[in-house]
Amino acid sequence: MIDYKELIKTFTEDDFTQKRINLHIHTIHSDGEADFDEIISQAEQLNYKYIAITDHNTMSGYENSKNAEILIPGVEFDVWCGYVFMHLLGYGVDKNNPMLKKFFAKSKQETEWDIIRLFSKRNIKELIKAIHNAGGIAVLAHPACCWCISMDRFVKKLISYGLDGIEVYYPYPRFRGILKFHNETSIKKIALKYNLIMTGGTDLHKKNL
């Protein structure tokens, strides 16, 4: 059995910035345009070391997907932490874990419509606990997009709930034109300060990697 936590710890900044690893990809199973297996095939053809397909609030794409060594099981949940709306990535999780399955979307709309996803009632503490129970790690997605004044305090709160990592390498200028209070440099400093796992991905929603 693969220890995904230890595996992801070995990934470097170059892996993410030089297009060898992409841990944030969406498909038609949520709000993306790409076919699930087509993304895997593209990644194999482009010699990616690893990818993770992280559809919103669902892992339905993994049900009948092709078996690929480069694929790390993943999911991206919509969740509130106090007054902050955030996205939480789960990596290395067992999609059939009963505790985790309770957090999956009950309809297709919950995977693709922003207005519905904003009304998520998931409990952040219970969600992180479920990700761990499913054998995975919990990672804060694109943190510079979070509307919180003190990222340090926010991350410390998440760490107290069991947060394992932060998505440090992310194309903010391309996908998130209006940065809030933070940037990649400040996020990386916080990750290093608290010894958090650093991940990265393109947040792909198009058809091609």
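Modeller: Let's begin with a definition: a residue is exposed when its relative accessible area is over 50%, buried when that is under 20%, and partly exposed in between. Keep in mind as we go that this is a predicted model.

Biologist: Okay, let me try those words on a helix. Which residues of helix H10 are buried?

Modeller: In H10, which covers residues 184-193, they are Ile187, Ile190 and Ala191. Looking down the axis of H10, you find these buried residues within an arc of 100 degrees, so they line one face of the helix. Thr185, Lys189, Leu192 and Lys193 sit on the other side of H10 and are exposed.

Biologist: And what do the buried residues of H10 pack against?

Modeller: Their packing partners are H8, S6 and S7. Right after H10 comes Asn195, with a positive phi of about 55 degrees.

Biologist: Let's do another helix. Which residues are buried in H7?

Modeller: H7 spans residues 124-133, and Ile124, Leu127, Ile128, Ala130 and Ile131 are buried there. Down the axis of H7 the buried residues fall within an arc of 160 degrees, so these also line one face of their helix. They pack against strand S3 (74-81), S4, H4, S5 and H8.

Biologist: What happens at the ends of H7?

Modeller: The N-terminal end of H7 is capped by Asn123, with a side-chain oxygen 3.0 Å from the backbone nitrogen of Lys125. After H7 comes Gly135, which has a positive phi near 85 degrees.

Biologist: Can we zoom in on one residue of H7?

Modeller: Sure, take Ala130, which is part of helix H7. Ala130 counts as buried because its relative accessibility is 0%. If you skip the neighbours within four places in sequence, Ala130 is in contact with Asn97, Met99, Leu100 and Phe103. Phe103 is 27 residues away from Ala130 along the chain, yet their C-alpha atoms are separated by 8.5 Å.

Biologist: On to strands, then. How should I read the side chains along one?

Modeller: In a regular strand, side chains alternate between the two faces of the sheet. In strand S5 (residues 137-140), Ile137 and Val139 point one way while Ala138 and Leu140 point the other way, and all are buried.

Biologist: How does S5 pair with S4, parallel or antiparallel?

Modeller: Antiparallel: strand S4 (residues 84-91) pairs with S5 over four bridges. One of the bridge pairs you can look up is Leu88 with Leu140 in S5.

Biologist: And how does S5 pair with S6, parallel or antiparallel?

Modeller: Parallel, over two bridges, with strand S6 made of residues 165-169. Here Leu140 stands opposite Ile166 in S6. The chain gets from S5 to S6 by way of helix H8 (residues 151-161), and this β-α-β crossover is right-handed.

Biologist: Where else could I trace a crossover?

Modeller: Try strands S1 (residues 21-25) and S2 (residues 50-53), which run parallel and are joined by three bridges. Ile21 has Tyr50 in S2 as its bridge partner. Between S1 and S2 the chain passes through helix H3 (residues 36-45), in a right-handed β-α-β crossover.

Biologist: What about the nonpolar residues as a group?

Modeller: In soluble globular proteins, nonpolar side chains tend to be buried together. The largest nonpolar core here has 67 residues, and Ile51, Met86, Leu88 and Phe154 touch the most other members. Take Leu88: leaving out residues up to four places away in sequence, its contacts include Val75, Phe77, Ile124, Leu127, Ile128, Ile131 and Leu140.

Biologist: Where does Thr199 lie?

Modeller: Thr199 lies in strand S7, residues 197-200. With 0% relative accessibility, Thr199 counts as buried. Beyond four places in sequence, Thr199 touches a set of residues including Ile8, Phe16, Tyr91, Val139 and Ile166.

Biologist: One last residue: is Lys108 buried, exposed or partly exposed, and where is it found?

Modeller: Lys108 counts as partly exposed because its relative accessibility is 36%. You'll find Lys108 in the loop between helix H4 (98-101) and helix H5 (109-112). Setting aside residues up to four places away in sequence, Lys108 touches Ile28, His29 and Ser30. A polar atom of the Lys108 side chain lies 3.1 Å from the backbone oxygen of Ile28. From C-alpha to C-alpha, Lys108 and Asn57 are 9.5 Å apart, with their positions 51 residues apart in sequence.

Technical notes:
Residues are numbered from 1 along each chain as its sequence is written. This is a predicted model: local features need pLDDT of at least 70, side-chain atom pairs count only at pLDDT 80 or more; totals for chains, interfaces and linings use all residues. Side-chain values use heavy atoms; hydrogens and water are left out. Buried means under 20% relative accessible area, exposed over 50%, partly exposed in between (1.4 Å probe, protein chains only). Contact means heavy atoms within 4.5 Å. Two strands pair if DSSP finds at least two bridges between them. A crossover is right-handed if, with the strands pointing away from the viewer, the path from the first strand over the helix to the second runs clockwise. A polar contact is a pair of N or O atoms within 3.5 Å; within protein, one must be able to donate a hydrogen and the other to accept it, and residues adjacent in sequence count only if both atoms are side-chain atoms. The arc is that of the directions from the helix axis to the C-beta atoms. A nonpolar core is a set of buried Ala, Val, Leu, Ile, Met, Phe, Trp, Tyr and Cys residues joined through side-chain atoms within 4.5 Å.
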